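Trainee: Could you take me through one part of this structure closely, namely its nonpolar core, and tell me first how far the model can be trusted?

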Amino acid sequence: MATTFGSPSADTTSRIVEAGQDPRQHCLLFGLPIVLFNQQLPGYVGAEGFGDLRVTLLKTSTRPLRSSGAASSTDGDNDDDAEIDVELIKHNFNERVFVVLPAQQHAASTALQKYLIDHEPDPSSALEIRLRERYIAVRPRVLSDTERDAMKVELVAAAFEDAHFQIQSPYRHLSPGDEVLLQDDVTFASGTWQVQLHVGHGLSVAQHSAGGSEFVELNGSATGDAFFIQRFAHIDIPPQCLRGGDLVRFMHCRAGAFLYGNGGSQDLLQVRLCHQPADETGGVHSVQSLWQVQHVDILNGNEVTVTSVCCVRHGIQTCSLTPHRSSRCQFTLATESFLSGRLLRHDRPLFLKHVVTGGWVGLPPGASDPTTTFLESSTGSSVDKTNAFRLQIIQPSEATESLFLLSLLPQLQRVNDELHHILHQTVVNTHNLRSSTLWIVHILDELARFCIDNRDDDRGTPIAARQNVLVEMNCISLVVGLLQHGEPSSPISSWDDELHGSIRAICHHSYKLLVHLVRLNPKTSVVCAAHIGTFGRQVGFDLHAEALVQELLCSSESLVTTICDNVVTLFVTLLRERGRRAEYVDYLTKLCQFKTTGIPAKQVALCGHLFPTVPSSPPCRILLEVRCIKPNVLQVCHPDTNEWLSIADLVATDKALARYFLTTIRMLSSMSWSRNYIAIHAVEQHFQRDAMRAAFCKLLAAVYVDRLPHEVRPRPKLIFVSPAVSLGPETAQRPGHQNHDADDRLFFVALKQTLNETLAACEGTLTASQSHLLLGMLPLCLQMMSFGCYTDETELKTLVQVLVPLLRDRSTSKKPIMSPTSTMNRLRNYSLRHALPSTDDVRPTEASAASPMANSPQRQHTPRKQHSIVKCKLLVCQILTWSLHLSLDAQLDTLVHWFFTQSIVHVESLALGDNARAAEIDAQWTTHQAPLGTACEALFRHATLFDRLVHGHDLTSALLSLLACEYPALVSAALDLLGSSFNVHRELRKHLDHVIVVPSDRVFSMYLNYTTMQASASVLRLYEETSETWLNVRAGETWNDVLGSLLWFTDALATTDDLVQVQQLVRGLGVDDLVLNITRSLGTFLLTTPRTSSNRVFLRRQEHLLDGCYRFFVLYTWHHHDAQVKLHQQVDFFKDCVAHRHMPASILYALYHNNLVL
């Protein structure tokens, strides 16, 4: 409120001075907090300024005014007997405090804001701008809501001349220019619009938003009303001091928790301590811990001292620490020492003393957990220093946000009553309907904008601290109740009247608020997900419920897992009742699978609805009928016309149904994801495997491809066994080598000699006829290299030397001259008489060979013959690549062998453990790092094996010429060989990750056991994952295979010389968890299946499996503490098995007799 004053009157000033008083104690000053009281209504002028911009008068009963004024005392110590109207207690009185500013200051501030907006954008958010100072202004273009021929008066952020008023007196003996004294009746006139502030005749706020109070509108009219000016507080109160009406928090110093109002209780015993998490900036945004310190006289806003009697009012519940506003709720705030002064300052310790009982508020003696114990008032002559509270006065920025919530959320709590009144009224009042709708929408929109920061993004970035505050204040439950009141019962097409339009607008803004509350916030998403059934029923009615459901289902895997399984039933029911809607199927898909992880509970629930096992269940109408009439033709039955259509025809005729069909396929794949064998078995029975085509790729991957457990088991390039390891006679060979008989060696020697002679006969050229012959021999060469036949460098070099010339282009090569007795000619004649197995392309005959067209240029350059040439070159590149790998293996062997011959590896102290030995090796490696690095570099200075093999040939140019070939496989092989040959050190470092080093006998035995156990564990893991499919199947020998695997592990534990080592391997491979899960499945099945004469043999088989599991656990837990701890958690299950005679008591005794956990 900006005002204009005249020059001071000398008569007024002299009267004040002659009375011996300070003029500032009686005059209205700029920046002085004041209260405006209308004696005719009567009522106090106020405005919320956040959710409601209207300026109103709170109607109160006639209040006797004291001559000195409530705020005239300096410290508020003499106002204990003040008579306060009950209407003022129900509302925050700080909303009725105003400050008068000079017109020049207001004009300068608005001009500065306009300049900054034009030149330097304000970095604050839209909400922060709106929460700043507000001015009372006349809105000339907006009429009053309750009175004709009157202008509306509202709070505005920058109103320029609309906020300028001139203070006038209704009395004639006071002339313009006199000082305005406190407790004077004045009027406020707008010089710009020639109107005065006037009290309207009608109620401005409806009963539902007023909380039982009466608010009258303040407007601008030609006839003004007088207002009584009363000072609220001094203008010279020191900063960081507690004043009447301030919002504070009380933090218990010893417990480190805040004073917290518990749930709506108004008694002192219902106040407890609670830890409040801070936000990213270190501030605490919880509103439940907000308290308002007030003088007994609410109109007193002066400082609160150590002798002041005050009341502590909870911010949310609008009640004090005691049930009623009487002397029982009066407290004094004391400090520890008189040296602290009489004023209460920010971040200082204090004590709460109850005036009536004289007790000190704090924790009761012997309280173990301060957050679960209610506070009480304990009497005593002295204060207990352990119950000191640290006073935290809310800073202006946080106070503004807190006042915003404290003003708006009480209105949100009354929204449900207003909506219920709208829906059940017999005659629709259009004016009241629109007014209530705008009021509700305004509240929802304000709360939605409170949760986001849209400075950097149009969509806005959610503010987690504000989201948590709204959830803490039960905002989600209030909005959900609002949606439940307006829940539709018919499609949106029938909503064409004004009432339904209003409800639709309210639902739109409700879902907008909920989306802002759950975005990127797992805590609020969990609270909102509890009401997902309400949101799901409103999908498809144009209420924007789809956005919220999508946000919840895409939040996190833990959230989707915690959603009740009844939600699956809800969406399935909606599909049957409302027809085939693709969005419902999408929600079922997201419930069954989150990203790449399946949700087993939701998958099983959905499978039970889609494929019911009970014959009396209603037929499922969700899935469409599918058939395959040809190997590549899949048809879908149209549910309305019963016409069979292909997928292409379905897309062309009914796109909505085609989309629904594809969503059902994705739903089935999600239902079977993560190898859910129950769903896989059901889907496999419904769809035949031959009917799956490109549209079912994901379904095929889930049902048929990824149906068994996969393990990543990379085979090492090299296994190095230290010379210190003593190998037995059965393991005398290196793992990479094989033992061959004498006849086998002679066979391979003859084969290699024939191959070398044949390649040498080509003399570095490759023709079409030669390529047909070599296509049958080069694969034999590649296989022999993979068998390890080429172990000698001389043999390998002979092979490579004749292969590299074959990679060159034939146009640059000399045409070979074959003699009748040459090896190539003999092989060629042999191929004419007996077709080789590899010559599948074109086999020449004698007639064709003698034909004059045989050597024509057209015959030589046919694409079919050219294809055989490039295939031969591809095989040559593969052989050279294998030779490069052998060279890398030789380098790896040299490097590892050199490392084990160094002195740093041999730590002679046998008393050192594994950790100490590793630390000693690391220390010696660090000490000798420089010489070791030099020695390693010297290992690679010499030519590698591959360099020696290709010496004398220009391999690089030959490979570069192959890059221009049109055969993609050959280009890829040549490029890979070229890159690997030029990056030998990079390839060596890459292959070092796959080297397994066996340094000792113990490690070697562990390696042999590990490789054997890994294969057996894979078999056992398969049975554990598929237990729900074979457990209740009476036919088949699966149970025998499971028993065999269990007996193998039992024998391994019983016959080993190092039981601890085998136990560690069993635990590392997770075999103990697998056997425990099988035990639980078998035991649960036996406990829940009654024994009859027909299933006696079948149950006896399962008991054999259970006995095998028991024997495994007896050996596995022997002196194994970790295994005993794990088995101790299943003691109740084993007792049930013993009680039902599914487990011998001796086994239970053996398991727990030596259990160290017990």
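**Confidence, then the core**

Mentor: In the protein chain of this predicted model, confidence is lowest in helix H28 (residues 846-850), with a mean pLDDT of 35, and highest in helix H17 (residues 582-592), at 93; pLDDT is the predictor's confidence in each residue, from 0 to 100, and helices (H or I, at least four residues) are DSSP runs numbered from the N terminus. The chain averages a pLDDT of 76, and 73% of the residues score at least 70. Over residues 12-20 the pLDDT is below 50, and this stretch has ten contacts in the model beyond near neighbours in sequence, where contact means heavy atoms within 4.5 Å. Residues are numbered from 1 along each chain as its sequence is written, and side-chain values use heavy atoms, leaving out hydrogens and water. Local features need pLDDT of at least 70, side-chain atom pairs count only at pLDDT 80 or more, and totals for chains, interfaces and linings use all residues.

Turning to the core, the largest nonpolar one has 99 residues, of which Leu405, Leu447 and Phe535 touch the most other members. Such a core is a set of buried Ala, Val, Leu, Ile, Met, Phe, Trp, Tyr and Cys residues joined through side-chain atoms within 4.5 Å, buried meaning under 20% relative accessible area with a 1.4 Å probe, protein chains only. Helix H11 (residues 498-518) gives the most to this core, with ten residues. Leaving aside neighbours within four places in sequence, Phe535 is in contact with residues including Val480, Tyr511, Cys528 and Leu552. A second, separate core of 48 residues includes Phe748 and Leu978.

How values were computed:
Buried < 20%, exposed > 50% of the residue type's maximum accessible area, 1.4 Å probe, protein only. Helix = DSSP H or I, 4+ residues; strand = E, 2+ residues; numbered from the N terminus.
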